[in-house]
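Visitor: I am new to reading protein models, and I would like to be guided through this one slowly, one question at a time.

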Amino acid sequence: MRNLLAALLLGGTALLPVKADTVDIQLLGINDFHSALPTSFAMTPGGPVEAGGAEYLAAHFDRLQRENPEGTLRLAAGDNISSSTMNATLQHDEPGIEALNLMRLDASSVGNHEFDEGVAELRRMENGGCHPIDGCARPNFKGASFPYLGANIVDTTTGKPAFAPYIVKELKGIKIGVIGVSYKNTLKEAPGPTTPWKPVTRPRPSTPMPPS
């Protein structure tokens with residue numbers, strides 16, 4: 001998963017307090033959460049190391065935000081769901097989405113694993129509702145409280161973005177644009193049903209070769 005969440009300052013300096021030269025903004029980013037609710041182990045050159053689950057991640061989010069309570073964004077770069085533990089898979093990743101809601105995630109880009117069960121299931125992860133076959137693993141599953149972003153995922157039947165390209169958050173009087181960009185092979189790497197969507201990339205300007 002090689003997606004990107006970019007946060008850009010969009011101005012608003014006129015709103016800064018008088019004599020303020022800078023504003024401290026903190027970006028907390030994660031990726032490849034994969035509904036990792038329980039504690040697990042990560043392999044290192046020195047052997048397995050215990051890796052905390054969702055409760056550890058939530059605690060670190062809170063600890064870091066206490067350093068900048070009003071100037072922090074919590075962001076994810078995709079692959080929040082799927083390729084998960086058996087328990088999460090049996091519950092169609094509903095607990096994983098709810099865990100990220102409780103962590104107060106502000107936004108996430110779309111990773112290839114978001115498409116593992118197809119477009120309809122991804123929309124259910126966004127908007128809530130019960131699985132069409134298995135029903136709701138979590139009562140009254142409401143979906144993600146954070147937006148999924150995909151500035152370069154386009155619905156080829158309409159020519160319009162399949163997801164919101166960006167959101168704008170205001171922290172300490174500064175407007176910050178958060179842009180979600182997916183890896184160009186995101187849909188090719190997803191085993192879900194074929195979609196009418198495709199990642200769009202702009203060609204880089206050619207650079208003349210220096211004389212030999």
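The questions and answers that follow go through this predicted model, from its sheet and hairpin to its cores, its aromatic rings and a few backbone angles.

Visitor: In what order do the strands of the open sheet lie, and in which sense do they pair?

Guide: The open sheet has four strands, and their pairing is parallel. Two strands, β2 (26-30) and β7 (148-149), stand at the edges with a single partner strand each, so one side of each has no neighbour in the sheet. Read across the sheet, the order is β2-β5-β6-β7, with parallel pairing.

Visitor: Which residue in β5 stands opposite Ile30?

Guide: Strand β2 and strand β5 (residues 72-76) are paired in the parallel sense over five bridges. Within this pairing, Leu27 has Leu73 as its bridge partner in β5. The residue of β5 that stands opposite Ile30 is Ala76.

Visitor: Which side chains of β2 point to the buried face?

Guide: In a regular strand the side chains alternate between the two faces of the sheet. Strand β2 shows such an alternation, with Leu27 and Gly29 pointing to one face and not being buried. The side chains that point to the other face, and are buried, are those of Gln26, Leu28 and Ile30.

Visitor: At what angle does helix α1 run to β2?

Guide: Helix α1, which covers residues 54-65, lies across both β2 and β5. Taken relative to β2, the angle at which α1 runs is about 170°.

Visitor: How many residues join β3 to β4 in the hairpin?

Guide: Strand β3 (residues 40-44) and strand β4 (residues 47-51) pair in the antiparallel sense, and five bridges are found between them. One of the bridge partnerships is that of Met43 with Pro48 in β4. The hairpin that joins β3 to β4 does so through two residues.

Visitor: Which helix gives the largest share of the largest nonpolar core?

Guide: In soluble globular proteins, nonpolar side chains tend to be buried together. The largest nonpolar core here has 24 residues, and those touching the most other members are Ile97, Leu100, Met103, Phe146, Tyr148 and Phe163. At least two residues of this core come from each of β2, α1, α3 (94-102) and α4. The largest share, three residues, is supplied by α3.

Visitor: Why can α3 be called largely enclosed?

Guide: The buried residues of α3 are Glu94, Pro95, Gly96, Ile97, Ala99, Leu100 and Asn101. These buried residues pack against β2, α4 and β7. The helix is largely enclosed by the rest of the structure because the buried residues number seven of the nine.

Visitor: Is Ala58 buried, exposed or partly exposed?

Guide: Ala58 belongs to helix α1, and Ala58 is among the residues that Met103 contacts once neighbours within four places in sequence are left aside. A residue counts as buried under 20% relative accessible area and as exposed over 50%. Because the value for Ala58 is 23%, Ala58 is partly exposed.

Visitor: How are the rings of Phe115 and Phe163 arranged?

Guide: A search of the whole structure finds two aromatic pairs. In the pair of Phe115 and Phe163 the ring centres are 6.4 Å apart and the planes stand at 80°, and planes over 60 degrees apart count as edge-to-face. The arrangement of these two rings is therefore edge-to-face.

Visitor: How many residues apart in the chain are Phe115 and Phe163?

Guide: Phe115 lies in the loop between β6 (107-109) and α4 (119-127), whereas Phe163 lies in the loop between β9 (160-161) and β10 (166-171). Both of these residues are buried. The pair links distant parts of the chain, and the two residues are 48 residues apart.

Visitor: Which residue has its charged end over the ring of Phe163?

Guide: The ring of Phe163, already met in the edge-to-face pair with Phe115, also has a charged end over it, 4.7 Å from the ring centre. The residue to which this charged end belongs is Arg123.

Visitor: What is the phi of Asn140?

Guide: Most residues other than glycine have a negative phi, and most peptide bonds are trans. Asn140 is found in the loop between α4 and β7, and at 62% relative accessibility Asn140 counts as exposed. Although Asn140 is not a glycine, its phi is positive, at about 55°.

Note on methods
Residues numbered from 1 in each chain as written. Predicted model: local features only at pLDDT ≥ 70, side-chain atom pairs only at ≥ 80, totals over all residues. Heavy atoms only, no water. Phe/Tyr/Trp six-rings, centres within 6.5 Å; stacked < 30°, edge-to-face > 60°. Buried < 20%, exposed > 50% of the residue type's maximum accessible area, 1.4 Å probe, protein only. Lys NZ or Arg CZ within 6 Å of the ring centre and 35° of its normal. Pairing = 2+ DSSP bridges. Contact = heavy atoms within 4.5 Å. Axes fitted to C-alpha atoms, helices over the stretch in contact; angles between N-to-C directions. Core = buried A, V, L, I, M, F, W, Y, C linked by side-chain atoms within 4.5 Å.
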